[in-house]
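User: Hi! I'd like a close look at the pockets of this protein, and at whatever sits around them.

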Amino acid sequence: MTNDTPQLYIVATPIGNRADFSARAIETLKNVDLIACEDSRTSANLLENYGIKTKLSSYHKFNEKQRTNEFLKLLKDNKKIALISDAGTPCISDPGRVLVNELFGDVKITSIPGACAVITFLSMIPRNTEEFAFAGFLPRVKNQQAKVFEKFINLDTVFYESPNRLIETLENIKETRGEQAKVAVGRELTKVFEEVKAGSVTEIIDYYKTHTLKGEIVCMLYARENTEEQDSDIIEKIKKLKTLNYPDKDISAILSTLYGYKKNKVYKLALDL
Ligand code: SAM
């Protein structure tokens, strides 16, 4: 790429507290030729507040393909474009992926980092490991949700949730992972009524029976800790694969790949069965 390569800026905006808008983000948005945004009414309000007068163009999941072609033409004419979403970092459970996927390689893409609910949340809750999974918005159907929890059973799993569905989701966690499964909830992060809670899923459900449950929510289901519980789960899976005549070596490879279990551990359990 040369200095003349067209440039697309992915710009993070605040997730609540407007003071979290970075100086670089504001400067960039003032200097580009066009800002692609999800909802121009939502963005106009924020941008006006910072004296950003750049032209807006709506970009959302229903027109992203068409807009991508239009933006590519403008970029090739040396116009500078910035992408923002309603709040936080574009492409993180927000539109933008089609644009990045289509333009990557042809266009220089720069990210102006800033607020992101999942990262803000992870930085303020107790955790024992660096590893985590991010599931975005969970599927609404109960057994599909359970599949997500199963897939990331050995990882702290963060997801976005609406206040109307949080209790239902927590009840589902209780049912699939037990009463003592550990969860954390972050509500209204960076805003006046910011609240963060961590505890067993039962404690958190009880808490929200008597406390306000409104606003924006990010939630985490902690990785399963109980090794006894994990062993019995692995044994169940080994038994199923043994009935299909898989050799122990293949069983340990399959289960470690699919579920992140330690290969040796699965192999030893398989040998003992
Ligand atoms: N791109 C955004 C980001 O970087 O975090 C996320 C966009 S997604 C459409 C919106 C969801 O993020 C909300 O429904 C909520 O689950 C979560 N979220 C956004 N702002 C939040 C906040 N201030 N506190 C807690 N969760 C928030």
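How many nonpolar, polar and charged residues are there in the lining of the second largest pocket? Please take me from there to the largest pocket and its surroundings.

Analyst: Happy to! Please keep in mind that this is a predicted model.

By class, the lining of the second largest pocket holds two nonpolar, three polar and five charged residues. The residues that line this pocket are Glu38, His60, Lys61, Phe62, Glu64, Ser93, Asp94, Pro95, Gly96 and Arg97. Phe62 and Pro95 are the nonpolar pair, while His60, Ser93 and Gly96 count as polar. The charged group consists of Glu38, Lys61, Glu64, Asp94 and Arg97. The space in the second largest pocket comes to about 240 Å³.

Now for the largest pocket, whose volume is about 480 Å³. Its lining is made up of 24 residues, and those nearest the centre are Ala87, Ala117, Phe137, Tyr160 and Glu216. By class, this lining splits into eleven nonpolar, six polar and seven charged residues. Where does the largest pocket lie with respect to the domains? Domain 1 (7-115) and domain 2 (118-221) each contribute lining residues, so the pocket lies between the two. Three strands each give at least two residues to the lining: β7 (156-161), β8 (182-187) and β10 (217-221).

Glu216, one of the residues nearest the centre of the largest pocket, also belongs to a network of salt bridges together with Glu188 and Lys191. Within that network, Glu188 and Lys191 pair up with their closest N and O atoms 3.1 Å apart. Glu188 is buried, because its relative accessibility is 15% and the limit for buried is under 20%. Its partner Lys191 has a relative accessible area of 27% and is partly exposed.

The structure has twelve salt bridges, and two others are worth a look for their surroundings. Arg165 and Glu161 meet through their side chains at 3.4 Å, N to O. Here Glu161 is buried at 6% relative accessibility, whereas Arg165 is partly exposed at 23%. The side chains of Arg41 and Asp39 also form a salt bridge, at 3.6 Å, N to O. In that pair Arg41 is exposed, with a relative accessible area of 70%, and Asp39 is partly exposed at 23%.

Back at the strands that help line the largest pocket, β10 contains Cys219. How buried or exposed is Cys219? Its relative accessible area is 0%, so Cys219 is buried. Leaving aside residues up to four places away in sequence, Cys219 touches Phe121, Thr157, Val158, Phe159, Leu166, Leu170, Ala184 and Val185. Among these contacts, Thr157, Val158 and Phe159 fall within the range of β7, and Ala184 and Val185 within that of β8. Cys219 and Ala198 are 21 residues apart in sequence, and their C-alpha atoms are 9.6 Å apart in space.

Strand β8 also has a part in covering helix α8 (residues 201-210). The buried residues of this helix are Val201, Thr202, Ile204, Ile205, Tyr207 and Tyr208. What covers them includes α7 (166-177) and β9 (195-200) as well as β8. So β8 appears twice in this picture: in the lining of the largest pocket and in the cover over the buried residues of α8.

Technical notes
Residues numbered from 1 in each chain as written. Predicted model: local features only at pLDDT ≥ 70, side-chain atom pairs only at ≥ 80, totals over all residues. Heavy atoms only, no water. 1 Å grid on protein atoms, 1.4 Å probe; cavity = no way out; pocket = protein on both sides within 12 Å on 5 of 7 lines; lining within 4 Å. Points joined across faces, edges and corners; volume = space filled by probe spheres on them. Helix = DSSP H or I, 4+ residues; strand = E, 2+ residues; numbered from the N terminus. Domains from an automatic or database assignment. Salt bridge = Lys/Arg side-chain N within 4 Å of Asp/Glu carboxyl O. Buried < 20%, exposed > 50% of the residue type's maximum accessible area, 1.4 Å probe, protein only. Contact = heavy atoms within 4.5 Å.
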